[in-house]
Amino acid sequence: MVLVACDGATVELRAFRNIGRRAVVKAAYRGADMHRLLFIEDDDQIRLALRLALEDEGYIVEEADDGRSGLAAFDRDEPDLVIVDLRLPDIQGFDVCRTLRAKSIVPIMIVTAQTDTYDLVAGLEAGADDYVTKPVVPKELAARIRALLRRAQLHETSPTKATVFGDLELRREQGTAFKGGEEVPLTKTEFLLLCEFADHAGMVLSRDQLLERVWGYDYLGDSRLVDAHIRRLRVKIEDHPDEPKLIVTVRGIGYRLQS
């Protein structure tokens, strides 16, 4: 299904409505392990179109049309993943991300304008794991959701071994990291990113390699996704994030974990 910005879209969306619902009922009847998504978006037509598309993919989709109701829905429904439009009528999507991240490591995907680099970087630094740009292509959104959920499962089934770098300890069996004996609150994506560096300590990893290995598929060389997560990770594990000693930049190539 495609998102059409015209009056005729209403007719098309209605034609798909029952199909999406039937897909959910069939999946539930088969006993499928269905994931629950929360979609926070103030545009009724976009919210409806993407909800129907995601239901056709087998997801249960809860909706909210502003930030405050979205946060309330999160506390009530405990979704497996949250999709947040950055431009909401009451509180900004950035603040929604920060609030969610302060109390949960749930995967967060932001929806932003295609040309707005500031919003994208700010959203990632507010705690989002990934993003899609408008106009949203439903198949792309579904693919990125699948990749995010796979990363969350990998986080929960990481190999049983601990890795130590100075005062930083990575406890994979627990999916946690400790610095100076105190737990570091990492998101699932940050944890997998740190694991990737730990598995290749002393080696230079390019941004494209990190995109493929951590995010799960080709992100068309969008280095902003990697750079924003590296900045967040440095804030949490470095003594002086502006002068990193653990994850260092190799100019023109990528990043390296100092072993």
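Two exercises with worked solutions follow, both based on a predicted model.

**Exercise 1.** Determine where D129 lies, whether D129 is buried or exposed, and which side chain makes a polar contact with the side chain of D129.

*Solution.* Begin with the position in the chain: D129 belongs to the loop that connects α5 (117-125) with β5 (130-134). Next, consider the accessibility, which for D129 is 2% in relative terms; because buried means under 20% relative accessible area, D129 counts as buried. Then turn to the surroundings, where, leaving aside residues up to four places away in sequence, D129 touches residues including V106, P107, I108, L124, W215 and H229. R101 is also one of the residues that D129 touches, and the side chains of D129 and R101 make a polar contact at 3.0 Å.

**Exercise 2.** Describe how strand β4 (residues 108-113) is placed, by finding how many of its six residues are buried, which strands it pairs with, and which helix belongs to the β-α-β unit with β3 and β4.

*Solution.* Start with burial: five of the six residues of β4 are buried, so the strand is largely enclosed by the rest of the structure. Now take the pairing with β3 (residues 81-85), which is parallel and extends over four bridges, with I83 having M109 of β4 as its bridge partner. The pairing of β4 with β5 is likewise parallel and rests on five bridges, and here V111 stands opposite V132 of β5. Finally, follow the chain through helix α4 (residues 93-103), which together with β3 and β4 makes a right-handed β-α-β unit.

Methods. Residues numbered from 1 in each chain as written. Predicted model: local features only at pLDDT ≥ 70, side-chain atom pairs only at ≥ 80, totals over all residues. Heavy atoms only, no water. Helix = DSSP H or I, 4+ residues; strand = E, 2+ residues; numbered from the N terminus. Buried < 20%, exposed > 50% of the residue type's maximum accessible area, 1.4 Å probe, protein only. Polar contact = N/O pair within 3.5 Å; in protein donor to acceptor, adjacent residues only side chain to side chain. Contact = heavy atoms within 4.5 Å. Pairing = 2+ DSSP bridges. Right-handed = clockwise from strand over helix to strand, strands pointing away.
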